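Student: I would like a close look at a single part of this protein. Could you walk me through that part and its surroundings?

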Amino acid sequence: MPVETFTFLFTDIEGSTALVRRLGEGLYTQLLADHHSLIRSGLAAHDGSEVDTQGDAFFAVFSSPRACVAAVMEMQRALEDHAWPAGEHVRVRMGVHTGEASKTATGLVGLEVHRAARVAAAGYGGQVLLSETAAALVRDALPPGASLTDLGVHRLKDMGRPERIFQLQAAGLQAGFAPLRSLGNPALPNNLPAQLATFIGRARELTEVRALVASCRLVTLTGAGGCGKTRLSLQLAAELLDGSGDGVWLVELAAVSDESAVAAAISEALGIACQPGRPILDTLLDALAPQDMLIVLDNCEHLIGACAKTADAILRRCPRVHLVATSREPLGIGGEALYRVPPLSLPSAGNDLAAAESFDAVALFVDRARAQGAGLSFDEAAVPLVVSICRRLDGMPLAIELAAARLRSLSLSELSDRLDRRFRLLTGKLLDEPCALHGDVDHAGFVEAKDNPAEVRRGRVVQMDDSAFAAAQRFHRAPDKIAAVKTRYHGDLHLGQVIAVQNDFHIIDFEGEPGRPLAARRCGCPTL
Ligand SMILES: Nc1ncnc2c1ncn2[C@@H]1O[C@H](COP(=O)(O)OP(=O)(O)OP(=O)(O)O)[C@@H](O)[C@H]1O
Ligand SMILES: [Mg+2]
């Protein structure tokens, strides 16, 4: 699929919803027509091509970043000078980025397109922002009187690699703006963690969950381990962070082992001090009662009872607090809306391979393979293999990341052959050095573990399904002492989990045959 370098331009009108409300539909339509014609004449004058227009937002591309900068200057001046209906002042935010994208049947596809959109979204009406790449390309060739101001490094809402952002300055362009709408802005209170790798796709899921969050104060994202619940919730939280209210807060529960510690974990994440002699839950509810915020309770499955009780109390006492939980099991309380996180989108067998990268599963594989330095060229030979790998992994993000990580040592066709073996690899988060796992997969343990979580003991490696695993975690009240190995089985076996009880949290990637020692990889475990 041909990959080309473009300069992307994203624009949109600041506060358009308020404009519609103020003007009514008739006048707003007139205003929008004026806006479209000003943007389009700027594009036409500098060889820009309109790719997509939705409502008040334009996506256009240029073959040269210089032409793009000349166009945005012309557009901003024309927008500033225009006599708008009802004396309104229309302010348009603009973001410019240069990078690669593939031309596909469904439009321009590539992560750089998303990055460009995020650059634009960090700005304010009237402001023109450039990514570092675009800035480097135009810095020495700016039109007379124009300059770039370095606004520093920002964590954009794609929660990926931070980006240095520049603002275009020139006569006729507005200059003074509030700090950028990025995650480090103190006006956007949050504790969302930096992510090492890019967020991919999920446009439909984000829209659906946003709609649920708007109508329901507790939304639980459910689904199998590794299907992307946590990552989706973080992205959703970042997108909902708009400066109104008291922010978005992540409470990571994976490492909390005691049901009684859930309220304390929430208080700690929110910086609420406990009061001696008072139950922590009471202090928490008092502090949250007047707040307008979103709290993400991440990985609730091993503390379902406590999470349900705490969430229920928050919903009852704190009318403007919204909760998003991620959990393999529902919390099971009144008012809970469930959203089952689907696998990443996959090309169907008959799909045109040329559009393969527009599917999330393929885009994730390609991104992670490239991040490994695997030098994956997405050419005609590679595309069918990548599509087939992603299809065999059922579009599960964790499995896709792990498979892509294998490209450090395997070629694409070796990886594909490997997946064809009856007993297939895969799981764990990112892996580091290999090690031997001294133990056999104990299939007898599978039956016992189902009804008797106490049998899930330190050093034992048994195969379990999701419910047995959750029961074992509850029994031990120490999820961090149970290493979950999510494994895909094929043939007559199905998606399951192998667990080993250890002192630390281990994630193991194994391949082997039942009854034989496993070759394992691990991350972060001293001994196994
Ligand atoms: N849309 C996405 N874009 C990029 N990476 C993703 C995406 N979805 C999931 N991942 C990655 O896949 C891995 C598994 O995702 P995640 O941890 O969100 O799964 P989960 O459903 O929360 O799993 P668990 O049940 O174990 O908590 C993570 O490394 C995550 O960053
Ligand atoms: Mg999770």
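Which residues of H12 are buried?

Tutor: Happy to help! This is a predicted model, in which local features need pLDDT of at least 70 and side-chain atom pairs count only at pLDDT 80 or more, while totals for chains, interfaces and linings use all residues. Residues are numbered from 1 along each chain as its sequence is written, and chains are lettered from A and ligands numbered from 1 in the order in which they are written.

Let's start with your helix. The buried residues of H12 are Pro397, Leu398, Ala399, Ile400, Glu401, Leu402, Ala403, Ala404 and Ala405. A residue is buried if 20 or more other C-beta atoms lie within 10 Å of its own, exposed if 12 or fewer, and partly exposed in between, with C-beta atoms placed from the backbone. Because nine of the nine residues of H12 are buried, the helix is largely enclosed by the rest of the structure. The name H12 comes from a simple scheme: helices (H or I, at least four residues) and strands (E, at least two) are DSSP runs, numbered from the N terminus. The protein has 15 helices and 19 strands in total, and 43% of its 528 residues count as buried.

Now for a partner of this helix. Helix H10 (residues 360-371) packs with helix H12 (residues 397-405) at an angle of about 35 degrees, and their axes are 8 Å apart. Here, axes are lines fitted to C-alpha atoms, for helices over the stretch in contact, and angles run from 0 to 180 degrees between N-to-C directions. H10 contributes Ala361, Leu364, Phe365, Arg368 and Ala369 to the contact, and H12 contributes Pro397, Ile400, Glu401, Ala404 and Ala405. Two residues are in contact if their C-beta atoms, placed from the backbone, lie within 7 Å. By class, this contact of H10 with H12 has eight nonpolar, no polar and two charged residues. For the classes, Ala, Val, Leu, Ile, Met, Phe, Trp, Tyr, Cys and Pro count as nonpolar, Asp, Glu, Lys and Arg as charged, and the others, Gly among them, as polar.

Pro397 also leads us to the ligand. Ligand 1 is surrounded by 20 residues, of which the closest are Gly228, Lys229, Thr230, Arg231 and Pro397. The elements giving two or more residues to this shell are H6 and H12. A residue is near a molecule or strand if its C-beta atom, placed from the backbone, lies within 6 Å of it. The shell around ligand 1 has six nonpolar, eight polar and six charged residues.

That brings in H6. Nine of the 12 residues of H6 are buried, so the helix is mostly covered. Among them are Lys229, Leu232, Ser233 and Leu234. The cover over the buried residues of H6 includes helix H5 (203-215), strand S9 (218-222), strand S10 (248-252), strand S11 (293-298) and strand S12 (321-326).

One of those strands, S11, takes us to a last stop. Asparagine 299 sits in the loop between S11 and helix H9 (304-317). Phi of asparagine 299 is near 65 degrees, a positive value in a residue other than glycine. Most residues other than glycine have a negative phi. Asparagine 299 counts as buried because 22 other C-beta atoms lie within 10 Å.
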